[in-house]
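Visitor: Please take a close look at one part of this model for me. I would like the negative surface patch and the loops around it.

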Amino acid sequence: MIFGRSERGKPPVEPVTLKILVAGGFGVGKTTLVGAVSEIRPLRTEEYLTEAGRPVDDTSGVEGKNTTTVAMDFGRITLREDLVLYLFGTPGQERFWFMWDELSEGALGAVVLADTRRLEDCFAAVDYFERRSIPFLVGVNCFEGAARYPADDVRQALDLDHDVPLVLCDARDRESVKEVLIGVVQHAMAQSADRRQAVTT
């Protein structure tokens, strides 16, 4: 159990812990995002790509990538003394999608990372969270050398509902990732408040 700092003579504060998923296609930057913001050394379950996986692993656009997440990435960030986020990066390849159901259990919300060079790779994650009514935000990871598109164009290409947040980000940059995570928490809280209001009216 993680406890926050406390003033002398006062019991430690037991923080609220929130679970956020980081999903998206293969090679989109999920492991990088978790590592950029985690205050602990991230738990990673990466393995080297092999010749046996070549027929099923589409590396077009990410030819330099030689490892892949086979279970999950895990990191932690303390936003306040009484608020801690646990980050779970999902595996991006289709053959590991069976793990998503386990990882999404109890999640407050999710980040769907998108790469405009291979935008179709995030369709499955968008569909997954829409079908399960899990609040999510789309973060367009701005890779060096990739074409930049207006957010509205990306939104239209992904056919997102108008209330789904979409932001441009850099998965390598701690401050950029923090803004993405804050956006997910705010979006999830707003959706929760809307649902409560709908029940009471």
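Guide: What follows covers the patch, then two residues with unusual backbone angles, then one strand for contrast. The model is predicted. Which residues make up the patch of negative charge on the surface? They are Glu130, Asp159, Asp161, Asp163 and Asp194.

Take Asp159 first. Asp159 sits in the loop between helix 4 (151-158) and strand 7 (166-169). Its relative accessibility is 64%, so Asp159 counts as exposed, the cut-off being over 50%. Its backbone is notable too: phi is positive, about 55°, although Asp159 is not a glycine.

Asp163 belongs to the patch as well. Asp163 is also in the loop between helix 4 and strand 7. At 38% relative accessibility, Asp163 counts as partly exposed.

Now Ser133. Ser133 lies in the loop between helix 3 (123-131) and strand 6 (136-141). Ser133 has a positive phi of about 55°, and it is not a glycine either. Ser133 counts as exposed because its relative accessibility is 54%.

Turn to strand 1, residues 16-24. Seven of its nine residues are buried, so the strand is mostly covered, buried meaning under 20% relative accessible area. Strand 1 runs parallel to strand 4 (residues 83-89), and seven bridges join them. Val16 stands opposite Leu83 of strand 4. Strand 1 also pairs with strand 5 (residues 109-114), in the parallel sense, over five bridges. There, Ile20 has Gly109 as its bridge partner.

Methods:
Residues numbered from 1 in each chain as written. Predicted model: local features only at pLDDT ≥ 70, side-chain atom pairs only at ≥ 80, totals over all residues. Heavy atoms only, no water. Helix = DSSP H or I, 4+ residues; strand = E, 2+ residues; numbered from the N terminus. Buried < 20%, exposed > 50% of the residue type's maximum accessible area, 1.4 Å probe, protein only. Patch = residues over 30% accessible without salt bridge, like charges linked within 9 Å, V, L, I, M, F, W, Y side chains within 5 Å. Areas by Shrake-Rupley, 256 points an atom, 1.4 Å probe, with all protein chains shown as cover. Salt bridge = Lys/Arg side-chain N within 4 Å of Asp/Glu carboxyl O. Lys, Arg positive; Asp, Glu negative; His and termini not counted. Charge placed at Lys NZ, Arg CZ, Asp CG, Glu CD. Pairing = 2+ DSSP bridges.
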